[in-house]
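User: Please walk me through the structure shown here, one question at a time.

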Amino acid sequence: MRFVSFRPASSVLATAALLLVAAAPSHAQTRAETLRYVTGASVNTLDPNIPGSTRESFALSMSTYDRLVAFGRKQLSGKWVFDLDKITGELAESYDVSPDGLKLTFRLRKDAKFQDGSPVTAEDVKWSLDRCVTAPILGKAQLLTGSLTSADQFKVIDPLTIEVTLPKPDKLALPNLATVYPLIINSKVAKEHATPEDPWATAWLKEHTAGSGAYVIESFKPGEQVIIKRNEDWNRGSPDKPAFFKRVIVQSVPEPATRANLVERGDADLVVDLQASDVQSLEAKGKLKVISTPQYNSITFVSMNNQIPPFDNVNVRRAVAFALPYEDMFKAALFGRGAPLFGATWPDGKPLNGIYPFQAPVKTDLDKAREYLKAAGLPEGFSTTFSFNVGQASTAEPMAALVKESLAKIGIKVDIQKLPDAQMSTQINEKKLPLFTEGIVAWLPSTDYFYRNFYTGNQRWNYSSINNPELAAIAQEARFEPDKAKYEEDGRKLNAIHFSEMPQIPLWQPNQDAVMASSIEGYTYEFHRQVDYRDVSRK
Amino acid sequence: MMTGLGATVARAGRRLLSSLPALFGVLVFTFLLMRVLPGDPAVFFASGPNAGKEEIEQIRKQMGLDKSVPEQLVFYLSDIGRGNLGRSMMTGQPVLKDLRERLPASLELTFTALLIALLAAVPLGVVAALKPGSLVDHGVRLFCALGVCVPTFVSGLLLIYVFYYLLGLAPDPTGRIDVFTSLPPQRTGFLSVDFLLAGDIEGWWAACKQLILPALSMALFVIAPLARITRASMLVSLGSDFVRTARSVGLSWQKVVVTYALRNAILPVITIAGIVFSTMLGANVLVEKVFSWPGVASYALDALLSSDYAPVQGFVLLMAGIFVLVNLVVDVCYGIADPRVSIG
């Protein structure tokens with residue numbers, strides 16, 4: 001008997017090879033004027049105010065809508081970052097703060113137009129801000145942190161002037177207006193699509209835009225890609241000039257290794273969410289530009305539930321703080337790419353300044369940890385669980401193994417729990433996890449803001465469930481403290497309480513590693529931790 | 001002949017009807033399963049900075065989770081009855097729209113992969129069966145073992161590394177079509193077909209190039225079961241009386257092997273191909289992730305991770321429906337391969 005011919009199989013292989021050999025078509029003319037940004041996440045709504053909207057949606061809205069004001073930028077150790085203290089006009093040509101700090105007056109630019117050509121008026125601004133504090137959307141909770149709570153606070157003075165009244169001189173009122181949510185919507189268009197059940201047109205604005213921003217939506221495929229094209233009339237960035245790129249493609253590529261390949265091959269221009277190991281190897285090759293900025297408004301920590309035993313005992317918390325293998329974790333999880341929040345020296349045992357997050361004088365010291373355990377009455381140790389969510393696995397998994405190993409040395413037996421993201425947030429919300437790692441971020445990183453939101457009250461963001469009346473009182477007081485020296489003093493007190501109570505253990509501020517083609521310029525680390533497409537240009 | 005066809009259609013219809021209770025069971029079961037799973041979608045989706053209790057309650061209300069489970073089930077069933085699968089929190093779109101857009105992508109990929117797998121596996125199986133124990137047989141076995149041991153995402157990443165990163169032959173592995181290519185008018189949802197219908201050969205070529213690597217990495221994984229089954233049933237068939245008879249009367253080897261042996265050996269291959277197809281469609285999530293393929297499986301996985309109920313339920317229902325259809329098609333194929341079999 002003879003063999004059956006191999007022909008069918010080999011012809012398949014031949015066809016496959018043939019298909020692959022075909023040359024890629026060239027798009028040279030448009031390519032240089034196009035920014036192709038790849039990301040592991042995706043845009044799910046065109047209005048960032050919709051509950052459930054992703055960070056990519058936040059970033060997109062920065063380009064499709066304008067706000068009254070915007071953050072300036074500054075250099076932090078040679079890298080551009082957003083500047084919380086420098087607030088410039090975006091739709092506002094100028095603004096005044098009254099001497100008592102209770103009135104903010106914004107004068108709108110005369111030349112500002114919505115993308116449909118109609119002028120931006122104070123009426124539109126009022127409608128948009130009213131929407132932000134009235135409609136059941138995300139902006140409500142954000143603006144609350146700047147004492148902006150009611151539509152009565154926004155008053156139209158004339159078609160180009162709007163006045164905002166505050167109940168108290170709140171430092172965060174103005175910065176709040178530069179955040180993602182209080183975007184200015186073309187109220188005439190939006191009202192056409194409002195319904196009695198949905199007077200603020202939230203359903204319509206989820207899938208359509210009606211703004212004055214630098215870019216217009218060209219196509220929007222939720223979960224896949226968004227293509228935006230330049231609004232030629234937009235001049236809010238630099239006078240008489242629109243944004244640099246004619247088109248921006250925001251594309252979802254879930255696999256991090258693929259994103260790294262794309263940017264290395266030059267098919268993608270910019271990516272900010274690569275794995276630390278890939279960033280390191282790309283940086284070593286030196287072909288691409290890598291800008292690593294410590295995310296100075298975010299913190300990764302190990303948290304303990306201060307209400308459930310044994311972590312209700314401060315000495316147990318201190319024992320854990322001195323038993324964590326900081327250096328090893330920093331290397332294994334982040335490849336050292338970040339700013340450590342451990343290993344400080346406080347010469348007189350007091351905080352060096354009143355800024356949160358602060359570098360704490362903790363380091364791995366197992367003898368000290370054992371002493372604390374003894375003082376807590378648990379010299380033999382105990383058993384507990386250490387949880388992290390699947391979404392953070394690439395950094396948290398190596399960390400968890402090291403935590404387990406190190407805590408075992410002082411007798412604390414740790415079971416590692418890897419939880420799906422939704423399950424993790426549920427358990428955190430219900431305060432059920434004894435020991436876990438999480439990250440937090442504040443758009444407006446001021447000391448009192450961090451302490452009020454993340455260390456007070458029986459609410460979800462109080463991860464450690466700390467209930468310390470003194471801390472809560474100082475943080476609340478600091479919020480409206482006009483005197484800078486006193487504010488600093490309050491900050492020092494808060495940091496001292498944090499260190500002595502050790503409700504949770506700040507570890508580090510991970511880097512935002514932006515990897516881009518060497519021709520890309522102007523990248524700035526923004527408060528929303530995504531790319532503002534208006535910042536970047538090509539050489 | 002007409003009556004035969006009519007009877008087949010009628011029987012197929014009856015089969016479909018009788019699968020309705022099973023589909024209903026799947027529907028209710030998935031619904032309950034999603035509610036039993038730990039993880040509160042409202043908490044997850046309210047995770048913007050500052051989202052507090054109020055936001056969580058609001059999302060809960062929006063998703064209808066503030067009602068009791070039986071009430072939710074009744075609402076859900078009546079929605080399904082009206083053809084509404086709910087809305088995904090994740091993409092912000094109606095689930096039906098998401099699935100309708102993504103299913104063709106998954107189907108196109110799976111069909112292509114299955115075609116490649118069959119074209120490779122059947123000849124491989126036949127060759128191995130013709131010379132059992134020979135070097136060729138062992139070679140095929142090794143190839144199959146390799147294909148099955150290497151997980152699809154590893155072979156996918158390897159293919160990308162070699163053909164895209166090193167050689168630069170393949171286009172960037174980001175979805176169904178190069179971002180700079182304009183799409184053809186949507187007719188079937190299968191890009192390779194739509195481009196041909198639109199007469200855009202260049203576009204068709206671009207779509208095929210995107211398709212080939214993911215399809216190949218999926219095919220590699222399923223060649224093994226198909227080739228092994230082909231080999232086993234070919235061995236039985238080659239050792240049977242009718243093949244001995246055919247050989248003894250001096251028929252050409254082609255007639256013996258292809259017409260008599262293979263035709264009789266193909267039934268179990270069809271069965272396995274049907275099962276493999278259904279599994280691939282649901283389980284190709286890794287390939288979809290690696291190649292950024294906008295298919296239904298990665299959609300369902302993302303939804304599952306974030307406890308987004310509606311898409312997961314919609315996905316399971318869709319898969320159950322497809323499974324029913326595939327089984328039906330397999331049965332019809334039986335009839336064609338072996339006229340003695342009739343679906344009943």
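Analyst: Happy to! Axes are lines fitted to C-alpha atoms, for helices over the stretch in contact (C-beta atoms, placed from the backbone, within 7 Å), and angles run from 0 to 180 degrees between N-to-C directions. This is a predicted model, where local features need pLDDT of at least 70, side-chain atom pairs count only at pLDDT 80 or more, and totals for chains, interfaces and linings use all residues. Residues are numbered from 1 along each chain as its sequence is written, with chains lettered from A and ligands numbered from 1 in the order written.

User: At what angle does H4(A) run to S6(A)?

Analyst: Helices (H or I, at least four residues) and strands (E, at least two) are DSSP runs numbered from the N terminus. H4(A) lies across S5, S6 and S7 of chain A, and its angle to S6(A) is about 180°.

User: How far apart are the end C-alpha atoms of H4(A)?

Analyst: The expected span is 1.5 Å times one less than the number of residues. H4(A) has 13 residues (122-134), so 18 Å is expected, and the model agrees: 18 Å.

User: Which are the edge strands of the sheet in chain A?

Analyst: Strands pair if DSSP finds at least two bridges between them. Here 4 strands form an open antiparallel sheet in the order S4-S5-S7-S6 of chain A. Those pairing on one side only are S4(A) and S6(A).

User: Which residue in S5(A) stands opposite Tyr95(A)?

Analyst: S4(A) and S5(A) pair in the antiparallel sense over 5 bridges. Opposite Tyr95(A) in S5(A) stands Phe106(A).

User: Which element gives the largest share of the side of chain A that touches chain B?

Analyst: The contact takes 56 residues from chain A and 61 from chain B. On the chain A side, the largest share, 7 residues, comes from H1(A).

Terms used
Contact = placed C-beta atoms within 7 Å.
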